[in-house]
Amino acid sequence: CPDCRRPVEYIEEKNYSFRMGYYQDKLLKHINNNPKWIVPETRLNEVFGFLNQPLGDLSISRPKTRLDWGITLPFDESHVCYVWVDALFSYVTGANFPNTQKHCNWPADLQVVGKDILTTHAVYWPTLLMASGLPLPKKILAHGWWLSDNTKMSKSMGNVIDPLQLRKKYGTDAVRWYLLRDMRTGLDAT
């Protein structure tokens, strides 16, 4: 993998699928009607590039024989929910949706995501929401990466810088100023 540098393995298995392509035209219409839905504009162009090809089905499960952790599918005990599907719907329930007794924070006013998971949040996630009849987030902001030695910072790579240590060394205001001044929205920063 070019990002995490772990070996890639080809796997063939049977999974359950979601007919994501069924919602492609509806998603394109939403984006065209809301041109500021994805920011910055360069990230919007990436999503349009992705949507210029027909959307295939999205695998939404993994067999327990390969992954024994995860939420079991209610209609098949031998499969777990694909981690992105599980995580995405956790956003909605974490926002108290559809609870009418407490304050509900869904749809999100702004969903902030990393540029490397933009397709998941701007294509997969919205089509799953559309299929469920749930509202889409009002805006998606894709931020760049923090780089360390010209490589994306990542817990799995172990090249992270502890922001609490930065704050301790330079102070809260200095770190805030650096982030606001040098990490322009959507771009990578070192």
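**Entry 1: the sheet**

I began with the strands and found an open sheet of three, in the order 2-8-7, with parallel pairing. Strand 2 and strand 7 are the edge strands, each pairing on one side only. The model I am reading is a predicted one. I noted for myself that strands of a sheet pair through backbone hydrogen bonds, either parallel or antiparallel.

Next I looked up how strand 7 is joined to strand 8. Four bridges join the two strands, which run parallel, and strand 8 covers residues 140-143. I picked out Val113 and found that its bridge partner in strand 8 is Ala142.

**Entry 2: the helix across the sheet**

Which strands does helix 4 lie across? I found helix 4, residues 118-132, lying across strand 2, strand 7 and strand 8. Helix 4 runs at about 130 degrees to strand 7.

**Entry 3: the core**

I then looked up the largest nonpolar core, which has 35 residues. Ile31, Ile38, Val47, Leu51, Leu118 and Val123 are the residues with the most contacts inside this core. Two or more residues of the core come from each of helix 1 (24-33), helix 2, helix 3, helix 4 and strand 8. Helix 4 gives the largest share, eight residues.

I followed Val47 further. Leaving out residues up to four places away in sequence, I listed what Val47 touches: Ile31, Ile38, Leu118, Ala122 and Val123.

**Entry 4: two cis peptide bonds**

I turned to the backbone with a general point in mind: most peptide bonds are trans. Val39 and Pro40 are joined by a cis peptide bond, with omega at about -5 degrees. I located Pro40 in the loop between strand 2 (38-39) and helix 2 (41-51).

The peptide bond from Trp106 to Pro107 is also cis. Its omega is near 5 degrees. I located Pro107 in the loop between helix 3 (83-94) and strand 7 (111-114).

**Entry 5: two positive phi values**

Most residues other than glycine have a negative phi. I looked up two residues that do not follow this. Asp149 has a phi near 55 degrees, and Asn150 has a phi near 60 degrees. Asp149 lies in the loop between strand 9 (147-148) and strand 10 (151-152). Asn150 is found in the loop between strand 9 and strand 10.

Are Asp149 and Asn150 buried or exposed? Asp149 has a relative accessible area of 75%, so I entered Asp149 as exposed. Asn150 has a relative accessible area of 69%, so I entered Asn150 as exposed too. The cut-off I used for exposed is over 50%.

**Entry 6: a buried serine**

I looked up Ser154 in the loop between strand 10 and helix 5 (163-170). Its relative accessible area is 12%, so I entered Ser154 as buried. The cut-off for buried is under 20%. Setting aside neighbours within four places in sequence, I found Ser154 in contact with Asn159 and Val160.

**Entry 7: the chain as a whole**

I finished with totals. The protein chain has six helices and 10 strands. Of its 190 residues, 35% count as buried. Its C-alpha trace spans about 55 × 40 × 40 Å along the principal axes.

How much of the accessible surface belongs to carbon and sulfur atoms? I found a surface of about 12,500 Å², with 53% belonging to those atoms. Last, I took the contacts with a separation of 6 or more: residues 24 or more positions apart account for 64% of them.

How values were computed: Residues are numbered from 1 along each chain as its sequence is written. This is a predicted model: local features need pLDDT of at least 70, side-chain atom pairs count only at pLDDT 80 or more; totals for chains, interfaces and linings use all residues. Side-chain values use heavy atoms; hydrogens and water are left out. Buried means under 20% relative accessible area, exposed over 50%, partly exposed in between (1.4 Å probe, protein chains only). Two strands pair if DSSP finds at least two bridges between them. Contact means heavy atoms within 4.5 Å. Axes are lines fitted to C-alpha atoms, for helices over the stretch in contact, and angles run from 0 to 180 degrees between N-to-C directions. A nonpolar core is a set of buried Ala, Val, Leu, Ile, Met, Phe, Trp, Tyr and Cys residues joined through side-chain atoms within 4.5 Å. Accessible areas come from the Shrake-Rupley method with a 1.4 Å probe; for residues, only the protein chains shown count as cover.
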